[in-house]
Amino acid sequence: MNQTGIGARVRRLEDDRLVHGRSRYVGDIKMPGMCDVAFLRSPLAHARIKAVNKPEGLESRILCAADLDGVRPIVAESTLPSYRNSEHWPLARDKVRFVGEPVAMAIGRNRAEAEDLLEEIDLRLEALPPVINGAASMAGDAPRLHEEWDDNMFLKLAVGQDPANAREKADVVVTRQFRTARQVMNPMEGKGVVAWWDYRDGQLVVTTSTQVPHVIRNGLSRCLGIDESLIRVIAPEVGGGFGYKCILQPEEIAVAWLAWTRRKPFRWLEDRREHLTAGANTREHNYSVTAYADQRGRLLGMDAEVTVDVGAYSVWPFTAGLEAAQAGGNLPGPYDFREYRCQVNAPATNKPPFTPYRGVARPGVCFAMELTIDAIAREVGREPWEVRAENLVPADAMPYVNVTNKHYDTGDYPGSLMRAKDAIGFDQVRERQKTPEADGRLIGVGFATYTEQSAHGSKVFAQWGLALVPGYDEARIKLTPDGGVEVRVGIQSIGQGLQTTLAQVASEILSIPADRIRVLMGDTGTTPYSYGAFASRGIVMAGGAVSRAAEALAERIRVMAARALDCTPEQVRLEDDRVHGPNGSLSFAEVGHIWYLRPDELPEGDRHGGLEVTEAYRPKTDHGVFSYASHAVVVAVDPRTGKVELLDYVIVEDAGKVVNPMIVEGQTIGGAVQGIGTALFEEVTYDDQGQPLSSTLADYHLPGAAEAPHIRIQHTESPSPHTAHGIKGVGEGGAIAPGGAIVNAINDALAGHGVEINRIPATPERILEALLGAEAGKENAS
């Protein structure tokens with residue numbers, strides 16, 4: 001049995017360098033003559049730029065938009081109906097549209113000197129009325145962010161049809177409003193870029209902390225107006241991405257332009273305040289949901305409106321329409337009903353632009369859907385898990401096409417819920433609730449189930465209207481002269497252990513131990529094309545490419561070894577780190593030795609293709625594959641302080657065939673802790689002038705070890721019939737369900753007080769406000 005192939009708990013090959021600080025990030029790069037760049041950022045949310053006056057003698061070290069000759073704006077095109085483009089210049093022209101938008105940049109021998117130069121700039125702005133939320137933006141008299149538009153809408157579209165039959169037949173009608181807070185991603189390493197001109201290769205080299213190096217190369221080519229062949233993008237170690245680093249950044253363009261025009265190395269590193277105030281935002285959704293059900297709580301249909309406050313500009317290549325369109329299409333989740341309509345709105349506001357964030361729209365739709373299920377259960381007087389189980393798509397219905405044309409491939413959704421219910425000890429929790437806690441706290445239990453579309457196909461991306469449509473990923477693999485294996489992939493690891501799991505895929509096919517397989521990635525100059533690491537596509541797409549390339553390499557090894565083993569290629573098998581024939585075996589090093597070092601031993605006229613191959617891969621179908629999970633949580637709520645403690649947390653997840661269970665668990669736990677932040681802590685707030693009020697980590701609360709419970713995980717496997725080895729994506733899943741599960745548990749705990757929380761984060765202040773409001777309502781009624 002292969003001890004390092006698919007399914008093995010192989011320790012991460014990258015951890016030695018990461019844990020011991022031996023790797024290299026953008027901030028570690030030092031070059032002779034390198035200058036640091038700092039950006040002057042707008043202090044106003046909405047204003048006209050009247051002047052950017054530079055001190056005399058510093059014109060070459062301070063630059064504004066007019067100085068960036070040849071640079072084009074970021075324009076993220078889309079074919080979605082009603083969608084509008086925006087022009088996002090790397091340095092603002094004419095207007096600024098959010099606090100923190102770059103207006104000028106200064107060049108110094110170090111960051112401190114560059115920041116000092118910014119103080120010398122005389123920036124003249126004419127303040128304009130800011131638009132700071134979606135409702136204000138959609139008002140007919142709202143100030144226009146983009147004057148060429150006739151309103152402030154990036155996107156407005158309808159999904160589905162009027163659920164008239166469901167409305168007519170419903171015994172129960174539940175209507176709710178839900179809100180999720182605006183967040184920022186907060187990877188441990190912020191954005192960063194170093195760019196220089198490589199005279200030997202005649203290329204602009206851009207080393208940047210990105211999830212998508214090949215995509216960034218294309219974007220830089222567009223905005224700088226130079227051929228892609230003149231650009232090389234390298235992603236070194238990336239200290240977290242979460243979607244924040246899968247778009248083209250204005251700062252990347254500005255720094256690359258400096259290196260392109262001045263032929264010197266330049267660097268910019270984002271600091272935490274820049275990230276919290278000017279970094280791309282996410283998650284701010286508003287839902288109006290009406291659900292129609294029968295007297296048992298069986299869903300008949302749903303009518304909804306979703307408004308996503310997407311900020312000032314459309315990001316490239318994913319656009320400002322992605323989050324809203326995804327929300328409208330994914331709201332039904334894992335549930336089986338046939339009538340659905342959703343109005344989707346994506347208004348522009350004077351805030352930083354929206355970027356895809358771990359789970360893209362699904363944490364919001366899961367929160368809204370799961371709270372709606374619990375509201376239905378309360379209305380019909382049944383346990384939420386019972387109503388949920390009866391509404392989930394049953395296992396015997398798979399494959400299943402849902403009401404928004406999502407093609408669910410395999411799985412047992414109700415089964416995952418029941419396992420979570422049993423693991424959390426539901427009956428014991430209900431029994432515990434009968435006796436008041438000695439400390440006065442209230443106990444609650446909650447559930448949430450989700451589906452995660454991963455490794456989306458080309459047709460899916462095209463339906464989202466993207467101008468750049470992801471498709472095939474490629475992998476290059478070779479047997480080295482010493483019998484090791486080298487794998488090159490264009491994808492970039494952002495902490496998810498791809499060097500280990502891709503080595504395991506190659507190990508599965510070639511039988512060579514994973515620690516003898518080197519995986520090299522993230523460099524457009526040395527790796528084949530990949531669209532990068534996002535949308536839980538990495539192990540499906542890059543893994544599939546590695547699998548196909550390894551199979552092709554294995555066939556070449558068989559052909560070459562057959563000559564030395566005096567047999568046919570069909571008689572050769574790769575097993576236990578050797579190449580076996582009927583009457584003997586060779587080591588992989590012996591095979592490599594023949595090809596690389598003793599080609600004279602090959603037959604005359606040999607046309608063997610060598611021991612290096614490149615293959616491309618995408619799944620058999622183009623609908624994506626669906627992972628899923630059920631989360632169950634027990635909470636204690638202190639009604640005197642509003643504080644919530646997570647007492648127990650169970651996840652029953654299914655990601656198809658699991659390549660490395662240990663890595664999957666790490667991904668799931670990490671995502672769940674991010675989801676706990678979404679549910680209880682994280683919120684970007686603004687005043688009425690669009691000034692950010694959470695510009696430090698003292699104001700923006702991230703969950704840490706003290707807030708994270710012990711999370712117990714159970715795996716199930718329902719391999720996809722569409723992918724290599726039945727693998728599904730798993731990277732985003734853990735972050736999707738916590739908001740729904742935790743707030744359902746809070747509402748369960750507070751049910752006796754007549755309180756229902758429908759907004760996250762469920763902070764102590766909001767819980768206390770709801771409790772006091774319920775008490776006031778009772779007093780008024782009496």
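**Exercise 1. Determine whether Asp 422 is buried or exposed, and describe the salt bridge in which Asp 422 takes part.**

Step 1. With a relative accessibility of 54%, Asp 422 counts as exposed, where exposed means over 50% relative accessible area, buried means under 20%, and partly exposed lies in between (1.4 Å probe, protein chains only). This is a predicted model, in which local features need pLDDT of at least 70 and side-chain atom pairs count only at pLDDT 80 or more, while totals for chains, interfaces and linings use all residues. Residues are numbered from 1 along each chain as its sequence is written, and side-chain values use heavy atoms, with hydrogens and water left out.

Step 2. The partner of Asp 422 is Lys 421, with 3.6 Å between the closest N and O atoms; a salt bridge is defined as a side-chain nitrogen of Lys or Arg within 4 Å of a carboxyl oxygen of Asp or Glu. Lys 421 is itself buried, at a relative accessible area of 9%.

**Exercise 2. Work out which parts of the chain are tied together by the salt bridge of Arg 267 and Asp 36, and what surrounds Asn 110.**

Step 1. A search of the whole structure gives 58 salt bridges, and one of them joins the side chains of Arg 267 and Asp 36 at 2.9 Å, N to O. Because Arg 267 belongs to strand β13 (residues 266-269) and Asp 36 to strand β1 (residues 35-41), the pair ties together parts that are 231 residues apart in sequence. Helices (H or I, at least four residues) and strands (E, at least two) are DSSP runs, numbered from the N terminus.

Step 2. Both partners are buried, Arg 267 with a relative accessible area of 13% and Asp 36 with a relative accessibility of 7%.

Step 3. Asn 110 is found in the loop between β5 (102-108) and α2, and its C-alpha atom is separated by 5.0 Å from that of Asp 36, although the two residues are 74 residues apart along the chain. The side chain of Asn 110, which counts as partly exposed at 37% relative accessibility, has a polar atom 3.2 Å from the backbone nitrogen of Ala 112 and reaches the backbone nitrogen of Glu 113 at 2.8 Å.

**Exercise 3. Trace the salt bridge of Arg 111 and the network to which Arg 111 belongs.**

Step 1. Arg 111 forms a salt bridge with Asp 271, and the closest N and O atoms are 3.5 Å apart. Arg 111 lies in helix α2 (residues 111-118) and Asp 271 in the loop between β13 and α7 (272-278), so that distant parts of the chain, 160 residues apart, are linked.

Step 2. Asp 271 counts as partly exposed, at 33% relative accessibility.

Step 3. Through salt bridges that share partners, Arg 41, Arg 111, Glu 115, Lys 191, Glu 251, Asp 271 and Glu 274 are joined into one network.

**Exercise 4. Establish how helix α10 and Gln 453 are placed within the structure.**

Step 1. Since six of the eight residues of helix α10 (residues 384-391) are buried, the helix is largely enclosed by the rest of the structure. The buried residues are Pro 384, Trp 385, Val 387, Arg 388, Ala 389 and Asn 391.

Step 2. These buried residues pack against β16 (299-308), α9 (362-380), α11 (413-424), α12 (426-433), β20 (442-454) and α18 (738-749), contact meaning heavy atoms within 4.5 Å.

Step 3. Gln 453 lies in strand β20 and counts as buried, at 3% relative accessibility. A polar atom of the Gln 453 side chain lies 2.7 Å from the backbone oxygen of His 623. Leaving aside residues up to four places away in sequence, the residues touched by Gln 453 include Arg 362, Lys 406, Ala 535 and Phe 626.

**Exercise 5. Characterise the interface of domain 1 and domain 3.**

Step 1. The domain assignment, which is automatic or from a database, gives domain 1 (26-128 + 191-269), domain 2 (285-459 + 621-781) and domain 3 (472-617). The C-alpha centres of domain 1 and domain 3 lie 39 Å apart, and their contact takes 19 residues from domain 1 and 18 residues from domain 3.

Step 2. About 1300 Å² is buried between the two domains, 53% of it given by carbon and sulfur atoms; buried area is the accessible area (1.4 Å probe) that two parts lose on being put together, summed over both. Gln 211, His 214 and Arg 232 lose the most area on the domain 1 side, together 46% of what that side buries.

Step 3. The interface holds one salt bridge, and the side chains of Arg 232 and Asp 523 meet in a salt bridge at 2.6 Å, N to O.

How values were computed. Polar contact = N/O pair within 3.5 Å; in protein donor to acceptor, adjacent residues only side chain to side chain.
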